Amino acid sequence: MTTSTSSSAQYRSDVCIVGNGAIAKTTALGLAQAGHSVTLLVPPARSGPKEEASGGERPWDVRVYALNHTAHNLLSSLKVWGALDLSRVAPVDSMIVHGDGENAGGLSFDAFSAHTGALTWIVEDSNLMQALDAALKFAPNMQLVSGRAASLAARHDGASVRLDDGTVIEAELVLGADGRESWVRGQCGIGIDYRSYHQRGVVANFSCEKPHHGVAYQWFTCDEGIVALLPLPGNRVSLVWSAPDTLADTLMSESQGELAIRLGEFAEDKLGCLKPLQPEMVKAVPLVIIRPHSIVAPRVALLGDAAHAVHPLAGHGMNLGFGDVVDLLEVLAGREDHRSLGDERVLARYARARKEDVLLMQLATDGLERLFGANLEPVRVIRNLGLNLLDKLPMVKRRLIAHAMGR
């Protein structure tokens, strides 16, 4: 891989990818390994002090992903999974979901019943990014360009991205993997359906007194949102609290020790006393649903959060992005010899391939958020009964597990 800082130059490659996250880098790696020349356009690096590890150990990243089998298989095929620091990856052996109220329903899934070694794997963003960066260094036909995109133009034979310093990147296909506020999507004039959940995802890490045994816990509450504790290696857990904005303000103003006390109401009988991991860190991100009116345009395709943003209650936002990568690589590899990478029919096949999977996840996450956000006693009774009934239907549970795992 070659690295360049833009300075009014011109680049030409089969594909130009705009983005700097895991989906952008995985797509770049997959295309490069498939024999295509790739330009990865990333924003200029921010200057500032780097975080130093304390006590010889790198701090635990508060941003983690529950990667399913689709993601695992893709990263393994690209030789990325083996490059992860696997001592910092936690397999999820089972998941326990709790309803709300005095007669709370419950639902559980486990890897044994699903005939698999793990339901998902909890991976830190920093661990994943380091493995991807290491793999990209050895990728053939790969160049990294640092700069700010200013305009995007599509023609019948290709597309060009012009940077603010005059640099031009020419390609057969431009991929937007640049997040929920996608610049590429905006340049293409693709409209979106946008709705805020008036919640923020509050994330932090804790040590737990009792071993978690690889169990992920989730509590659906009405007034306090959705609380999830995901296993990390050792006696550690990662919190993802989808909290209403007012509560999120309170959680962010408190110390992490006070947050641990709040979590005791949910988790103390299962995990014992929780204590903040050092150095203490709490972050929050607004939760929204974004549905673009299309994920393709002339010579352009969208992936990851640029193509869909969903509620994190199922933990599958990143997995949808990896599903995008898998389907895009398959569609491009299967195109006819006379069709270019950015051919209209080829991109239409990609859009069709992603439609059902994305729609099902959007409907499921949005529907569950609405259902468990309704503060009406009859609805509370029905949803708890539904959880208990579902827990007693093994065939239905197996199908749900298989879909969640990406099978």
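**Exercise 1. In which strand does proline 286 lie?** Find the strand, then sort out the surroundings of this residue.

*Solution.* We're working on a predicted model here.

- Step 1: look up the strand. Proline 286 lies in strand E18, which covers residues 283–292.
- Step 2: check the accessibility. The relative accessible area of proline 286 is 47%. The partly exposed class sits between 20% and 50%, so proline 286 goes down as partly exposed.
- Step 3: list the contacts. If you skip the neighbours within four places in sequence, proline 286 is in contact with Arg180, Gln199 and Arg200.
- Step 4: compare sequence and space. Proline 286 and serine 196 sit 90 residues apart in sequence, but their C-alpha atoms are 7.9 Å apart.

**Exercise 2. Work out the order of the open sheet of 3 strands, and find what packs on it.**

*Solution.*

- Step 1: write down the order. The strands go E4-E8-E5, and the pairing is antiparallel.
- Step 2: pick out the edges. Strand E4 (64–67) and strand E5 (90–92) each pair on one side only, which makes them the edge strands.
- Step 3: get the twist. From one strand to the next, the average is 25 degrees.
- Step 4: zoom in on one pair. E5 and strand E8 (residues 120–124) are antiparallel partners over 3 bridges. Across this pair, alanine 90 stands opposite isoleucine 122 in E8.
- Step 5: add the helix. Helix H3 (residues 125–136) packs on the sheet and touches E4 and E8. The direction of H3 makes about 80 degrees with that of E8.

**Exercise 3. Trace the parallel partners of strand E2, and give the hand of the β-α-β unit.**

*Solution.*

- Step 1: take the first partner. Strand E2 (residues 10–18) runs parallel to strand E12 (residues 168–176), with 8 bridges joining them. Tyrosine 11 faces isoleucine 169 of E12.
- Step 2: take another partner. E2 also runs parallel to strand E3 (residues 38–42), joined by 4 bridges. Here cysteine 16 has threonine 39 in E3 as its bridge partner.
- Step 3: follow the chain. E2, helix H1 (residues 22–33) and E3 make up a β-α-β unit, and its hand is right.

**Exercise 4. Decide whether cysteine 16 and cysteine 208 are buried or exposed, and count the disulfides.**

*Solution.*

- Step 1: fix the cut-off. Buried means under 20% relative accessible area.
- Step 2: apply it. Cysteine 16 has a relative accessibility of 0%, so it is buried. Cysteine 208 comes in at 6%, so it is buried too.
- Step 3: count. With a limit of 2.5 Å between cysteine sulfur atoms, the number of disulfides is 0.

**Exercise 5. Describe helix H2, its two ends, and the link from asparagine 319.**

*Solution.*

- Step 1: go along the helix. H2 spans residues 69–77, and its buried residues are His69, Thr70, Ala71, His72, Leu74 and Leu75.
- Step 2: look at the N-terminal end. Asparagine 68 caps it, with a side-chain oxygen 3.1 Å from the backbone nitrogen of threonine 70.
- Step 3: look past the other end. Just after H2, lysine 79 adopts a positive phi of about 65 degrees.
- Step 4: bring in asparagine 319. This residue belongs to helix H7 (residues 317–333). Its relative accessible area is 5%, so asparagine 319 counts as buried.
- Step 5: join the two. The side chain of asparagine 319 reaches the backbone nitrogen of asparagine 68 at 3.0 Å. Beyond the neighbours within four places in sequence, asparagine 319 is in contact with Ala66, Leu67, Asn68 and Ala71.

**Exercise 6. Place arginine 339 and classify it as buried or exposed.**

*Solution.*

- Step 1: locate it. Arginine 339 is in the loop between H7 and helix H8 (344–373).
- Step 2: classify it. The relative accessible area of arginine 339 is 14%, so this residue is buried.
- Step 3: find the polar partner. The side chains of arginine 339 and aspartate 343 make a polar contact at 3.3 Å.
- Step 4: find what else it touches. Not counting residues up to four places away in sequence, arginine 339 touches Arg345, Val346 and Arg349.

**Exercise 7. Give the overall figures for the protein.**

*Solution.*

- Step 1: count elements. There are 10 helices and 20 strands.
- Step 2: check burial. Of the 407 residues, 51% count as buried.
- Step 3: check contact range. Take contacts between residues at least 6 apart in sequence: 75% of them join residues at least 24 apart.

Methods. Residues numbered from 1 in each chain as written. Predicted model: local features only at pLDDT ≥ 70, side-chain atom pairs only at ≥ 80, totals over all residues. Heavy atoms only, no water. Pairing = 2+ DSSP bridges. Axes fitted to C-alpha atoms, helices over the stretch in contact; angles between N-to-C directions. Contact = heavy atoms within 4.5 Å. Right-handed = clockwise from strand over helix to strand, strands pointing away. Buried < 20%, exposed > 50% of the residue type's maximum accessible area, 1.4 Å probe, protein only. Polar contact = N/O pair within 3.5 Å; in protein donor to acceptor, adjacent residues only side chain to side chain.
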